[in-house]
6 protein chains.
Amino acid sequence: MEIPLKLLSGSANHKLAKEIADYLGIELSKMLLSRFSDGEIRVQIEESMRGGDIFVIQSLSNPINDHFMELVLMLDAIKRASAYRITAVIPYFAYARQDRKDKPRVPISARVLADMITIAGAQRALIVDLHSPQIQGFFNIPVDNLLALPVLHDYIKYKIDPKNTVIVSPDAGGAERARQLANKLGCNIAIIYKRRPEPNKAEVFDVIGNIDGKDAVIIDDIIDTAGTLIAATNMLLSKGAKSVRALATHGVLSGPALERINNSNLEEVVITNTICQIGKESPKINVVSIAPIIGEAIKRIYENSSVSSLFV
Amino acid sequence: MEIPLKLLSGSANHKLAKEIADYLGIELSKMLLSRFSDGEIRVQIEESMRGGDIFVIQSLSNPINDHFMELVLMLDAIKRASAYRITAVIPYFAYARQDRKDKPRVPISARVLADMITIAGAQRALIVDLHSPQIQGFFNIPVDNLLALPVLHDYIKYKIDPKNTVIVSPDAGGAERARQLANKLGCNIAIIYKRRPEPNKAEVFDVIGNIDGKDAVIIDDIIDTAGTLIAATNMLLSKGAKSVRALATHGVLSGPALERINNSNLEEVVITNTICQIGKESPKINVVSIAPIIGEAIKRIYENSSVSSLFV
Amino acid sequence: MEIPLKLLSGSANHKLAKEIADYLGIELSKMLLSRFSDGEIRVQIEESMRGGDIFVIQSLSNPINDHFMELVLMLDAIKRASAYRITAVIPYFAYARQDRKDKPRVPISARVLADMITIAGAQRALIVDLHSPQIQGFFNIPVDNLLALPVLHDYIKYKIDPKNTVIVSPDAGGAERARQLANKLGCNIAIIYKRRPEPNKAEVFDVIGNIDGKDAVIIDDIIDTAGTLIAATNMLLSKGAKSVRALATHGVLSGPALERINNSNLEEVVITNTICQIGKESPKINVVSIAPIIGEAIKRIYENSSVSSLFV
Amino acid sequence: MEIPLKLLSGSANHKLAKEIADYLGIELSKMLLSRFSDGEIRVQIEESMRGGDIFVIQSLSNPINDHFMELVLMLDAIKRASAYRITAVIPYFAYARQDRKDKPRVPISARVLADMITIAGAQRALIVDLHSPQIQGFFNIPVDNLLALPVLHDYIKYKIDPKNTVIVSPDAGGAERARQLANKLGCNIAIIYKRRPEPNKAEVFDVIGNIDGKDAVIIDDIIDTAGTLIAATNMLLSKGAKSVRALATHGVLSGPALERINNSNLEEVVITNTICQIGKESPKINVVSIAPIIGEAIKRIYENSSVSSLFV
Amino acid sequence: MEIPLKLLSGSANHKLAKEIADYLGIELSKMLLSRFSDGEIRVQIEESMRGGDIFVIQSLSNPINDHFMELVLMLDAIKRASAYRITAVIPYFAYARQDRKDKPRVPISARVLADMITIAGAQRALIVDLHSPQIQGFFNIPVDNLLALPVLHDYIKYKIDPKNTVIVSPDAGGAERARQLANKLGCNIAIIYKRRPEPNKAEVFDVIGNIDGKDAVIIDDIIDTAGTLIAATNMLLSKGAKSVRALATHGVLSGPALERINNSNLEEVVITNTICQIGKESPKINVVSIAPIIGEAIKRIYENSSVSSLFV
Amino acid sequence: MEIPLKLLSGSANHKLAKEIADYLGIELSKMLLSRFSDGEIRVQIEESMRGGDIFVIQSLSNPINDHFMELVLMLDAIKRASAYRITAVIPYFAYARQDRKDKPRVPISARVLADMITIAGAQRALIVDLHSPQIQGFFNIPVDNLLALPVLHDYIKYKIDPKNTVIVSPDAGGAERARQLANKLGCNIAIIYKRRPEPNKAEVFDVIGNIDGKDAVIIDDIIDTAGTLIAATNMLLSKGAKSVRALATHGVLSGPALERINNSNLEEVVITNTICQIGKESPKINVVSIAPIIGEAIKRIYENSSVSSLFV
């Protein structure tokens, strides 16, 4: 029995899904996806799923909860339609920063999502740049965590002079990510952190590592409201950095983010299209496409060849 | 060890939760519940839940998916905070009309919700007037399905003359609900349905049962856009009904519903407060409170006395 | 690797299983199926199941509990014998009327059966005319709910004159089923229901919709003791119906059913063979075969083509 | 909160349940338990179960599958009625001899039952003399396996002279059980087994151990059709045994068992009342009651005191 | 899509895994398997597992817990690497003697292992001579229990004269195993057991069945410390046996076993290589290989042909 | 019913368990815990667990796998002995560094352990300083992650002058931990990291942040072989640090760790007793006790009072 490859797209990032389908040389499967007047989501798939190797592409971008509910309802519909295998392709996995109990009586929301995705019918997941790699362990199904670093690195390497560039982590927790990019480029690193000068005094922004006269490249996985990013940029410039750029995988860009970036002293902000950027265009923002990486991973999963070798 | 009773309210219907708390003579437990700029929900409970008998009140009203996600994240937070027992109190259970595969390749969304609520940590559920009673069987935890019929009956019985009143179901599927109210009041019934006069012709509204010169009372579980309700009202009046009233448990009232009702020939619409009606006031709509029934049910669950006897 | 199709039959309806096997052009797999003297069921499959696409046909007819236990033990034997995929084919799914808590402290038996069938090893189910479509949601495995309406419709359409025929639901809950057949045939409907003339008085049978001088066709999913059916027939005739026929998918025909039908004023009773009718022959009962529909569905599942298109 | 102790009895052995209730000084809880005309079981519990420590007594005697279905439906009803804790008390656990794959493609029926009992809602089980002790491991809930040996030993020890008595296992698999009784009484043992005199010849009954001139006491866990027992008795007598008695926990006594025993040369057969013996009276059979042991175990479970110390 | 067959070996019995690979004509897949300085096991598989039919060979020999942890970590790694199907091949399944609660408050360790192996990712298991066949029922995945008896029988049948040989079980629980070998060879049996001569006296070794002047062959599934074996040998010789041999599937040979066997009056000890015997060579011990049986079973599982027919 | 508090200790850190029992003013429950000659672990609990609130204390120190197996077998024994509630107290949770797929085809071992602990019977866990806080999300049972930072802070704050001290993270991933201690003490931070000077060149140790003339305090969660620690110490001293101390929660101290520390230029190493340090005494190592924190947490869990308030 031949197992057909089928691609379905939720409403979160139809453009990316289309690019992936083009990469694979197939059409997106037809599906009704709408909302009732009361807010309920309505899903009806219009092609047979029976015995297919189904990939459901849905980014958990804003409105996050609606996009999430679309995803689980699509999964249930596919499961009940007797698919052979279901892979949830989630270019941006939201709630990933809620991955621990950093305060008493908070949820570990990322685990809740992982469980709900699994119980709804996903048998495997394909995600880009999980906020923390441990989230793979929140799932008990295979998860391929695709890395955007190669794409970002390919973009930035022609723009900088390693000798005069410093890769900056915007907080202590991201030091390892900065180190990885720095080592790939042959740059030094610096780390911004919130320092409390004395017990019981307020925390202030500070930086360790040499930035004086350097071109700074801040790297983070997510740019959300851009508040921290702008504060970091200003501090780096005030402490002598020659220029500041920012790289990030996921351009959430919520609230005042766009305005802040447009009005900032940032040279440039580079993000990928894991989140749909239509309507968020800015002269300072460049978007590089993650579609070939996702498309190639889907192709390899479908053909049972190695996904990890994709990154060698 | 004493087991304290604690009540938490999601943001869907804080007024109802307050009424229930008042009924029980306790305060709602303190909790931070907000949304981040990117749409993620943020939950932090500010009182110890350890060893408590916790009731989380959340109606799945519009925005449904946000309210649902609030609910599951609250459940996870409570579970990880070592509660003794967790009951999800869901006055209005959304997606309940998606309770079957009436077309190929649609989800059974109500089952998906039931599974997600259970996996997030609910050990029992308290729901008002499930759209179909079979949804209880979607859960494998105990579900108490409270009925609003007594409240609606108590309201309407003083307003009608049974001899001259007919209870009307707005569709064939609701005939049994109409029969129950009719038998409680000693009225006759009529049933509206979509009739196809001949094969391949369009369906038209029709009614069986005698309505001529009668005061008609339409009963349904949900009033959503009110489109069907208004069409039914007009048909009943055109076929000789003297007046038309409508009763329903859940006043979803989405989209044009309010305007339609206000401009209609309906005498009156009676609903309960399972869904928050703040901002939906209308001279034609009367709201009766379900809080005493929910409050009493919580009291009995907490005290381990019979909930079913509540309805004798 | 080729995946062989294999059919096994429990003891409930071997004739139907044989018809299905003939439709598919294969033999039923060999199996010992007997009972020990103490009532324990003994199952031993006599062909390799390894890597096969196995369909187990078992109707849950009387003796229901023995037939159910046969089914789960067959499923366990097949699961432990390393089948590729196991489908439980259940032409008549018993306990389906116990699908809700209509009284306090009753089981939701249909859910219990669904869980037990799943835990024993079924990975998908094929059922004919579930009593309530929501029971699909009691399962978390794919369920194909085949409809007998087309078969019954094909039989009855040549026997009636739509203009002079009324389709009758024997109770308020079945109004939707009557509506569907009526709209397919272009007839009117009527609904029988238990009316309580006044509060605290006993309920009496009544009917809404015009039946005077009409040929009545009662439609239901199950005919069990036929008590309600006979009472309905008599009332329809006493209220002026010209003739009464009955259609039903599942001919349970327990207790006095056969005698009642034989002695009744019914023109004819039409059922399918989801339940074995050997030994229940009657001049008033005509049985139409469901085997081609089940056979075709199995063929399509095996070949991974669409089952839903079967009903277009 | 006080947790009430409640006892429910299925229909399999109401007399034993009554004896247990008497031992505990409580009444059996009220419950409707009947069968519909089509064979479906109907359960409705007529007392509140909310918050109770519920013990459901049901022996899996013939008709086994009906009794089993009664049990799981009672469990589901109790679970959905919000009991605090549910214990399935199963004096005789049927299908226990189907505890392994001794042939290809047979079920491990005892495991299927264990899973179904657990999924239906039992949180702990109380069983008497499991056929093989490993069946405890088929459950993942706590199982107390009460032993009938003390009761049988107390009965037999006054009837025999250890010096002239030999305890006999009727097959090789039961040698350990015979050894335990023999060591408790200070007797020798003998073992009956099926011997194949030469490859490809038929197996014949044989015995090892000295029985000549001895009073033989055969011990087994179950007496089913009594065929093996009678054959063993005759062989022992033909090989010189002075007399033969039989002890067994579970008197299944199916098919020709009673007639065989009545017509046999057995001195006496001693069984317990794990299975209801009403209607199976025989001058050769003596029944000893297991009720005090089960009653005491329930009392200790309810009071959270040690059950194992019951056997010291 | 072609499904490749892949074999991985844990560190417990690499020699056996190599023999199996040779039988199948394939190479063992490459894997890093080592221990960190702190005792943690480190697993990294160096070939793609994606879509493969993977067999992991690991015997649970001493150090048992390290070998077990290797097994579950390999299973998790393979599961997360998106294998098509995972079979745990466990030639010796340790903790199998802890298969019941023979004392209060002990674990049923074999069930714990079964659950952990399943949750880690095994979808089927292949085991040689489970200590008790009921352990198959501890799993809910298919288990093929390969028997070593044919291999041992083939070895011993040329060495004995059935007329003058008696097959001996070293304890009452093993009587059935002795009976099976005896019937295959056409010999008589004898059973050693611990007898308590009188209540409250110490138990002593005794034997039933005729051994005088016979060549005795003790059969057991496991030889561990060999203490019981040596005691049995001495008793048999003291009671007149002409010679004593021992057969066993699993040569655990812990503690003083080797020394005891070397210094004993045993003619010969025959075991299989389910456990690696490198470094345990002895002039009295002969090892027969189980590799062809395991290899053939893997071949048949991979090809979906019958495994049970392997033993006809 | 009163619920007794009971404490059991595995063999990993009996001294700590004793300290905790002393803190609580109770005795450790009696238990046999030994190993059979073949390496199997043997557990038998010698006190009734029925209805108790049971805490099992077991650190997963070397031999890790044996200690882990002890833990799960104790959990199973307690579960089957009908405990009311079971908490696994795991002062040191091994395999925590294997919390992600940092290479293809490796296990997420920490998740495997979490699943196995849960399936064996733990209903809640109490752990000290999880390597990554996300591991809490590997569990679906409540986990209290106790922090050792307060204990280490209390020790170190009297020994340093904040003005002249720099808190050093030994790698980029630990920057956040260093920041937290620094902010508590009012010190600056520095971060050691592996820098690749140019693409394709080897990585070298480097540091960012000012250490010249400062007293350096390295903080980490685990000291294992101490290789990194010594290299860091030497680099800090070579780059001008005045002195180097090290703080860590878990003193794994495997392989050459002790010798390296003793021979190093470290001023002092401070660890807690989550791992038993008997036999690892060193003039350079000071051990502070975590027993009061664990003891207090157990007390609060038992009394259902807040554990989080323990850290305010």
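**View 1. E8(F) alongside E11(F) in the predicted model.** In this predicted model, strand E8 (residues 165-169) of chain F runs parallel to strand E11 (residues 215-223) of chain F, and four bridges join the pair. Look for Ile167(F): its bridge partner in E11(F) is Val217(F).

**View 2. E8(F) alongside E9(F).** Strand E9 (residues 188-195) of chain F also pairs with E8(F), in parallel and through four bridges. Here Ile167(F) sits opposite Ile189(F). To get from E8(F) to E9(F), the chain passes through helix H5 (residues 175-185) of chain F, making a right-handed β-α-β crossover.

**View 3. The two faces of E8(F).** E8(F) is mostly covered, with five of its five residues buried. Thr165(F), Ile167(F) and Ser169(F) are on one side, Val166(F) and Val168(F) are on the other, and both faces are covered.

**View 4. Where chain B meets chain A.** Each partner brings plenty to this one: 51 residues from chain B and 51 residues from chain A are in the contact. About 4,200 Å² is buried between the two chains, with carbon and sulfur atoms giving 57% of that area. On the chain B side, the residues that lose the most area to chain A are Asp38(B), Glu40(B) and Arg105(B), together 17% of what that side buries.

**View 5. Polar links between chain B and chain A.** There are four salt bridges across this interface. One of them joins Arg97(B) to Asp38(A), with the closest N and O atoms 3.0 Å apart. Polar contacts come to 26 residue pairs, both residues at pLDDT 80 or more. Strand E3 (41-45), helix H2 (64-80) and helix H3 (109-120) of chain B each give two or more residues to the side touching chain A, and H2(B) supplies the largest share, ten residues.

Key: Residues are numbered from 1 along each chain as its sequence is written. Chains are lettered from A and ligands numbered from 1 in the order in which they are written. This is a predicted model: local features need pLDDT of at least 70, side-chain atom pairs count only at pLDDT 80 or more; totals for chains, interfaces and linings use all residues. Side-chain values use heavy atoms; hydrogens and water are left out. Buried means under 20% relative accessible area, exposed over 50%, partly exposed in between (1.4 Å probe, protein chains only). Two strands pair if DSSP finds at least two bridges between them. A crossover is right-handed if, with the strands pointing away from the viewer, the path from the first strand over the helix to the second runs clockwise. Contact means heavy atoms within 4.5 Å. Buried area is the accessible area (1.4 Å probe) that two parts lose on being put together, summed over both. A salt bridge is a side-chain nitrogen of Lys or Arg within 4 Å of a carboxyl oxygen of Asp or Glu. A polar contact is a pair of N or O atoms within 3.5 Å; within protein, one must be able to donate a hydrogen and the other to accept it, and residues adjacent in sequence count only if both atoms are side-chain atoms.
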